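Let's walk through this model together, pausing at a few residues and then at the empty spaces between them. Keep the viewer open as you read.

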Amino acid sequence: MLAGCAEVPQAPLAVGMNAWVGFDPLVLARDRGLVDPDQVKVVELASGTEVQRALNNGLLDAAAITLDETLRLVDAGFDLRIVALLAASHGADVVVARPDIRSPRDLRGEFVAVEDSSGGALMLQRLLGKTGLTRGDIRVVNLEVGGHLDALRDGRVAAAVSYTPVSAPLIAAGFLPIFSSRGIPGEVIDVLVVRTEVLRERPEAVDELLRAWDRGLQALRADTTRAASTLSRGTELSTIDYVGAFKDVEFMGLQTSLRQLTGPSVEVDAKARAVGGALMDVGLLRRMPLLVELVDTSALKRVLGAPGHS
């Protein structure tokens, strides 16, 4: 009888992400045992679309996703809060094309693969904006990243919107980068989102999630080569190439995250409005929410205010 009345252990907070170099500190924290498995479970999924699907089905409590994905999910009715900034892409998001396409302007009339429900939509829109083309000038093929290589090889598409390390096999197969996030500095931003009810009901687990990011980031910075040797397994990047990929990503520690999300002039606000405007221009966002409505820094403040944390 006593055993029957025992409290059922609560499942760990499940945080999901796709295979993207900007999320690697969380993967590293999991693989190195730097996160309490009773509090947090780090889940890698095949694509950003899969992450969104898992969120929609209630299989995830939190997710590492891009800012533009966050805006679109909230617009669709998801009750999420941004609890931290994770990274900014400065070249790790890329559009690759067959060799005869030398510039984005050559894409007029061509088929372009993009995971349209994910962060690739922003990259595609920005590429078109830089060249004066519109979505009507190309033929968009909504395809998850796992299918891009076959589509390129078969000639079904002329180009694809990708990101490191998923882009490595595309480039290895001879498809060439024609545009990257280096051309839109500060717009491809990764954030950590948590369901609002989870943020309210499980603050200790959310705090552990932030600590896991912090520990993983510290481990990556302390020995980048060792981290890359682990993280590059299963990809087509060598350890040296993976170290190089880190140079295309600006990782954000907890202090930087708090500074950019608070204060009289919220640094990320202008970037969010630029991203939201680009999405609204092509009908991918109905309304631009106020950033203050999306951000909750309570966990950041708790973790940073804890004894022994600088």
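Our starting point is glycine 33, which is exposed, with a relative accessible area of 58%; the cut-off for that label is over 50%. Bear in mind as we go that this is a predicted model. You will find glycine 33 in the loop that runs between helix H1 (24–31) and strand S2 (40–45). For a sense of scale, try picking its C-alpha atom together with that of glycine 277: the two residues are 244 residues apart along the chain, and their C-alpha atoms are separated by 41 Å.

From that exposed loop, let's turn to a residue in helix H8 (residues 203–222), glutamate 208. Is glutamate 208 buried or exposed? Its relative accessibility is 8%, so glutamate 208 counts as buried, the limit being under 20%. Setting aside neighbours within four places in sequence, the contacts of glutamate 208 are Leu34, Val35, Asp36, Gln39, Val40 and Arg215.

Next, please bring strand S1 into view. Six of the six residues of S1 are buried, so the rest of the structure largely encloses this strand. In a regular strand, side chains alternate between the two faces of the sheet. Here both faces of S1 are covered: one side carries Leu13, Val15 and Met17, the other carries Ala14, Gly16 and Asn18, and all of these are buried. S1 has S2 as a parallel partner, and six bridges join the pair. If you want a place to check the register, look at alanine 14, which stands opposite lysine 41 in S2.

Asparagine 18 belongs to S1 (residues 13–18) and deserves a visit of its own. With 10% relative accessibility, asparagine 18 counts as buried. What does asparagine 18 touch, leaving aside its neighbours within four places in sequence? Its contacts are Phe23, Leu45, Ser47, Gly48, Val51 and Tyr163. With tyrosine 163, the side chain of asparagine 18 makes a polar contact of 3.0 Å.

Now for the empty spaces. Rolling a probe the size of a water molecule over the atoms shows where empty space is left. How many cavities of 30 Å³ or more are there? The count comes to one, and the space inside this largest cavity is about 200 Å³. It is lined by 18 residues, and the closest to its centre are Thr66, Asp93, Ser118, Gly119 and Tyr163. Helix H4 (120–131) and strand S8 (159–163) are the elements that give two or more residues to this lining. S8 provides the largest share, three residues. Sorted by class, the lining of the largest cavity holds seven nonpolar, seven polar and four charged residues.

Pockets come next. The largest pocket contains about 270 Å³ of space. Among its 20 lining residues, Ala19, Glu44, Leu231, Arg233 and Thr235 are the closest to its centre. At least two lining residues come from each of S1, H1 and helix H9 (224–231). Which element gives the most to the lining of the largest pocket? H1 does, with four residues. The class breakdown for this lining is 10 nonpolar, four polar and six charged residues.

The second largest pocket has a volume of about 230 Å³. Of the 15 residues that line it, Thr164, Ser167, Ile171, Leu237 and Asp248 lie nearest its centre. Helix H6 (168–172), strand S9 (176–180) and helix H10 (239–246) are the elements that give two or more residues to this lining. H10 contributes the largest share, three residues. By class, the lining of the second largest pocket consists of eight nonpolar, five polar and two charged residues.

One last stop concerns the backbone. Most residues other than glycine have a negative phi, and most peptide bonds are trans. The peptide bond from threonine 164 to proline 165, however, is cis, with omega near 5°. Proline 165 sits in the loop between S8 and H6. Threonine 164 has already appeared on our route, as one of the residues nearest the centre of the second largest pocket.

Note on methods: Residues are numbered from 1 along each chain as its sequence is written. This is a predicted model: local features need pLDDT of at least 70, side-chain atom pairs count only at pLDDT 80 or more; totals for chains, interfaces and linings use all residues. Side-chain values use heavy atoms; hydrogens and water are left out. On a 1 Å grid over the protein atoms alone, a cavity is a set of points where a 1.4 Å probe fits but cannot get out, and a pocket is an open set with protein on both sides within 12 Å along at least five of seven lines; lining residues have an atom within 4 Å of a point. Grid points are joined across faces, edges and corners, and a volume is the space filled by probe spheres set on the points. Ala, Val, Leu, Ile, Met, Phe, Trp, Tyr, Cys and Pro count as nonpolar, Asp, Glu, Lys and Arg as charged, and the others, Gly among them, as polar. Buried means under 20% relative accessible area, exposed over 50%, partly exposed in between (1.4 Å probe, protein chains only). A polar contact is a pair of N or O atoms within 3.5 Å; within protein, one must be able to donate a hydrogen and the other to accept it, and residues adjacent in sequence count only if both atoms are side-chain atoms. Contact means heavy atoms within 4.5 Å. Two strands pair if DSSP finds at least two bridges between them.
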